[in-house]
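Work through the exercises below with the structure open beside the text. Each exercise gives a task and then a solution in steps.

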Amino acid sequence: MTHLVERDQELAALTDMVLRGAGGEGQAALVVSGIGCGKTALLAELGELAREFDFRVLTAFGSLAERRTPGAVLGQLLRDVPHDPADLAALTAGGEDMAARSGGTVTRLGPSALDPEESRALQRICSAVTEQARRTPLVLCVDDVQFMDELSLHGVLLLLRRLPTVPLTLVLTECTLSRPADPRLHAELRRLPGHQPLTLGRLTADGVAALLTTRLGGEQARLLAPECHALSAGNPLLVHALAEDSRHTADGPAPRLEPGEAFLDAATGCLHRGWPALLSIAQALAVLHEDNPAPPTVARLAKVEEGVLERGLRALDNAGLLAEGRPRHAAVRIGALAGCTGQELAVLHRRAAELLYEEGAPPTGVARHLVAAGPLNAPWAVSQLREAAERHLAAGHPARARPCLDTALLYCRDEDERLRLKALLASAAWALDPRMGARHLVELADALRDGRLPAQHAVMLAKYLLWHGRYDEAADAIERITRADGVLADPLAAAEARATRELLSVTYPGLVPHGGVDAGPTRHTAFAGDPRSRGAAALSDVLRHGPAQEPVAAAEAAMRVMRLGKNTHEWLTCAVSALLFADRTTAAAQWCDHWLAEAHSRRVPLWIAEFSSLRAGIALRQGRPLDARRLAKAALTQVPVESWGVCIGGPLANLIQAATDLGDREAGAEYLEVPLPDGLFSSRFGLYYLHARGTHFLADGQPEAALDDFTDCGALMREWGLDQPALIPWRSGAARAHLALGSTGRAHALAREQLALAGEAFTRTRGISLRVLAATSRPVQRGALLRSALAVLEESGDRLQLAGTLTELATADLRSGRFSSSDALLARAAKLAEECGSPRPGVVGRAAAGSRSPAAPTSAVSRPGPGGVGTAVREEAVRLLSPAERRVVGLASAGLSNREISGRLNVTVSTVEQHLTRIFRKLGVRARGDLPRAAGE
């Protein structure tokens, strides 16, 4: 016998009734419960107990499918009762004739509905039952009486009237549905002395835990019971289903519930076991679940009366399928609609759209059903879809806007309206993947030029065309933005036009002339007005005039009053970029993290990609190449390479620079193989790419190629009026390339020039400038310059630049005989480099610096080898050599003269001498005998 949970009182009451009924006082009980709440299980348990007491138990089940079959329930009860089959046959034949005469409709049989012969037959059948009860105590169990056929109902009513004198117990169960059992049954039961219906409620949380214990064990049940109770509302059928679905996960280290196929089947079964009206109500709730509908709306969609709706909602709630009037779980919605064909679902959504529109519901709700319904030739459909799309875009939900616009284009036949819809569709698709919105750009550009597209779309169109490098088509849109500035009546539109003009002038400076602040050395920028204008103006000011407090304050003030959305995300990137290029790296990182988290919460791929790429650039300036690589890759995961247009220069530059900083030159070379879009080098993103590529070439021993990229970058920056080292310190890169090529004088001049442009503030740019100036200066000046750079970089927060400065200062101290200081500096540099994921820094050995003291600790220099330089130091130092220099070192360390080397390598003696000069400087050695023999390997 199965133990029932939280049903002991009800089972005891029924058992007591059965025992009293055996004494000659006939008993009757009605057990009422919600769908799946255990009435059938209770009836089965009672039957088992009655049989143990030697009662004879007869069972029957009502069924919706057999409700029109006369005598269906009565026939089940009479299977084991001796009776004249002719009596039941006569009754069922009469019921079938009556149904046929009524056209197949089941009518209620009143007291005169049975003719005398039929009435006598029914009397004889009931007498057979009572006679059986007098011989052996009898328990009749009838489940689901709400579905009992009319003829069987008459038989049950007749038995109820005979109960006071018959040793018989009649136990009936009823499921609360949208339509109750026959009221005559309830009335007859209430006439019985002491009758009290038994109601089975849902299980409590403790009851759920007890039931789970029987399936999963005590510890798992304790952990899973709260969640299981929340999902099932204590419906035993659903609890069993959840236990079945979770049996494979409950034994793991972190037990969890997984509503799956069993749970879906149970929920579906609950909904399909009632009257058709109940399923219709559940389907209406499933279709309208996001709309918070009023009860009349649900009733109209379900095509039921409000009284039926009220009972149906109560029935679904009793079964635990609803929570606050809505489907409790997605499985309830899926189960309700499981039997619908595609056409039936479309009809439901079409009717829902019509009802919501008539009731003045928000367009977003109406549009959702229009999208699901398919084509609808209603005059209001297109306007509702367009307005819904505009609201979704304004709220930052382009994924919701796009299907609205796609559907509207299916309905719309007006060409002007179609153009406006395509413009909105381009905006929606753009935020998801810029490549998707590109297919409409040329058509929209033509329409704008011909005057068929309103000028308000010029701002959007210009940005999209420039992104894809379609500069010719963008020219007209840019001109319209220029004309609109100060002319538009709408102040918000005018502000956006001004901000866009400012942004384009510093993003595509080779194509969009600067028409805002003076590009000279004196600042005239106004940072008042619309926050979008302030963000763009702050970026423009920093790029044209360098770091200052005013644009930084303006950028942060703008971000404090803006929220991330369709009309703000690019202005927020402007404001964060203004902080970054003003060397406010910490503040830029904090703001960018905030907006990146917001972008993730909105799930807009383009926003996530842009803020991820921007954050990668910030991470590089913080000396965190591992983070930068991860963020840049995340940006390309959200938006693929081919969809970035000319803006691909940003994430690609970050990946190349990160790979170089990490010493992964192969990865850097792979990123350089990515095809570049036309027009990249007419945009600011081309500057980032040139600088990153130059850095890669320099690290790869190609100083000539590196110098070309750095000087090209500088030429563009000067031409565009953006020559600020805080944007890109191209002079320090060019200076190091000149050093590698032996042009120390030119390198020194570039370093001093950059230091002057960097200013006196303790910024990262000044620290970089001091460091490269030290590299180009005489050894006697090098230590003081590096210590100044160290103080600045410690405050700026660039750990990688700091590690490099510490390494160079350790080398300078070592050459000056300050061995303890050198060891401490190098140990700190090694720790920083390890934290950054960069190759461990090395310095020249003490032997190379002329030391005669014992070997330094292995953390700095290992035992000197035959060449006079420690093995670890040699390995680090050799990385600085180009392939050509390594070949020269190999031959020179083998004892070959300069002339012999020139003949062996087919170069001039002068070239060999130049190579050796650079090699001695890079390795910190003074004689050929100190050269590492393995360098040329």
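The model is predicted. In it, 7 bridges join strand β1 to strand β4 (residues 168-175), and the two strands run parallel. The exercises start from this pairing.

**Exercise 1. Strand β1 and its partners**

Task: Find the bridge partner of Gln27 in β4, find the residue of β5 that stands opposite Val32, and decide how far β1 is enclosed.

Solution.

Step 1. Start with β4. The partner of Gln27 in this strand is Thr169.

Step 2. Turn to strand β5, which covers residues 198-200. It is joined to β1 by 3 bridges, and these two strands run parallel. Opposite Val32 stands Thr199 of β5.

Step 3. Check the two faces of β1. On one side Gln27, Ala29, Val31 and Ser33 are buried, and on the other side Ala28, Leu30 and Val32 are buried, so both faces are covered.

Step 4. Draw the conclusion. Strand β1 spans residues 27-33, and 7 of its 7 residues are buried, so the strand is largely enclosed by the rest of the structure.

**Exercise 2. A cavity and its lining**

Task: Describe the lining of the second largest cavity by residue, by element and by residue class.

Solution.

Step 1. Get the count and the volume. There are 4 cavities of 30 Å³ or more. The second largest holds about 60 Å³ of space.

Step 2. List the lining. It consists of Leu58, Leu74, Leu77, Leu78, Val81, Ile125, Cys126, Val129, Leu140 and Leu159.

Step 3. Assign the residues to elements. Two or more lining residues come from each of α3 (72-77) and α5 (116-135). Helix α5 gives the largest share, 3 residues.

Step 4. Sort by class. The lining has 10 nonpolar residues, no polar ones and no charged ones.

**Exercise 3. Positive phi outside glycine**

Task: Ala233 and Glu324 both have a positive phi. Is each of them buried or exposed?

Solution.

Step 1. Take Ala233. Its phi is about 60 degrees, although the residue is not a glycine. Ala233 sits in the loop between α9 (218-232) and α10 (236-245).

Step 2. Apply the cut-off for burial, which is under 20% relative accessible area. Ala233 has 6%, so this residue is buried.

Step 3. Take Glu324. Its phi is near 55 degrees, and this residue is not a glycine either. Glu324 belongs to the loop between β6 (322-323) and β7 (326-327).

Step 4. Apply the cut-off for exposure, which is over 50%. Glu324 has a relative accessible area of 83%, so this residue is exposed.

**Exercise 4. Cysteines without a bond**

Task: How many disulfides does a search of the whole structure find, and why does Cys270 not form one?

Solution.

Step 1. Recall the term. A disulfide is a covalent bond between the sulfur atoms of two cysteines.

Step 2. Look at the total. The search of the whole structure finds 0 disulfides.

Step 3. Check Cys270. The closest cysteine sulfur is that of Cys37, at 7.9 Å, which is too far for a bond. The cut-off is within 2.5 Å.

Step 4. Add the accessibility. Cys270 is buried, at 0% relative accessibility. Cys228 is also buried, at 0%.

**Exercise 5. Aromatic pairs**

Task: What geometry do the rings of Trp430 and Trp467 have, and what geometry do those of Phe581 and Tyr688 have?

Solution.

Step 1. Note what is needed. A pair of aromatic rings is described by the distance of the centres and the angle of the planes.

Step 2. Note the total, which is 9 aromatic pairs in the whole structure. In the pair of Trp430 and Trp467 the ring centres are 5.3 Å apart and the planes are at 75 degrees, so this pair is edge-to-face.

Step 3. Place this pair in the chain. Trp430 is in helix α20 (residues 415-432) and Trp467 in helix α23 (residues 458-467), so the pair ties together parts that are 37 residues apart in sequence. Both rings belong to buried residues: Trp430 has 5% relative accessibility, and Trp467 has 6%.

Step 4. Take the other pair. Phe581 and Tyr688 are 6.4 Å apart, centre to centre, with 35 degrees between the planes, and this pair is tilted. Phe581 is in helix α28 (residues 569-581) and Tyr688 in helix α34 (residues 684-699), 107 residues apart. Phe581 is buried at 5%, and Tyr688 is buried at 18%.

Step 5. Look for a cluster. Trp430, Tyr464, Trp467 and Trp644 form one aromatic cluster.

Conventions. Residues are numbered from 1 along each chain as its sequence is written. This is a predicted model: local features need pLDDT of at least 70, side-chain atom pairs count only at pLDDT 80 or more; totals for chains, interfaces and linings use all residues. Side-chain values use heavy atoms; hydrogens and water are left out. Buried means under 20% relative accessible area, exposed over 50%, partly exposed in between (1.4 Å probe, protein chains only). Helices (H or I, at least four residues) and strands (E, at least two) are DSSP runs, numbered from the N terminus. Two strands pair if DSSP finds at least two bridges between them. On a 1 Å grid over the protein atoms alone, a cavity is a set of points where a 1.4 Å probe fits but cannot get out, and a pocket is an open set with protein on both sides within 12 Å along at least five of seven lines; lining residues have an atom within 4 Å of a point. Grid points are joined across faces, edges and corners, and a volume is the space filled by probe spheres set on the points. Ala, Val, Leu, Ile, Met, Phe, Trp, Tyr, Cys and Pro count as nonpolar, Asp, Glu, Lys and Arg as charged, and the others, Gly among them, as polar. Rings of Phe, Tyr and Trp (its six-membered ring) pair if their centres lie within 6.5 Å; planes under 30 degrees apart count as stacked, over 60 as edge-to-face and the rest as tilted.
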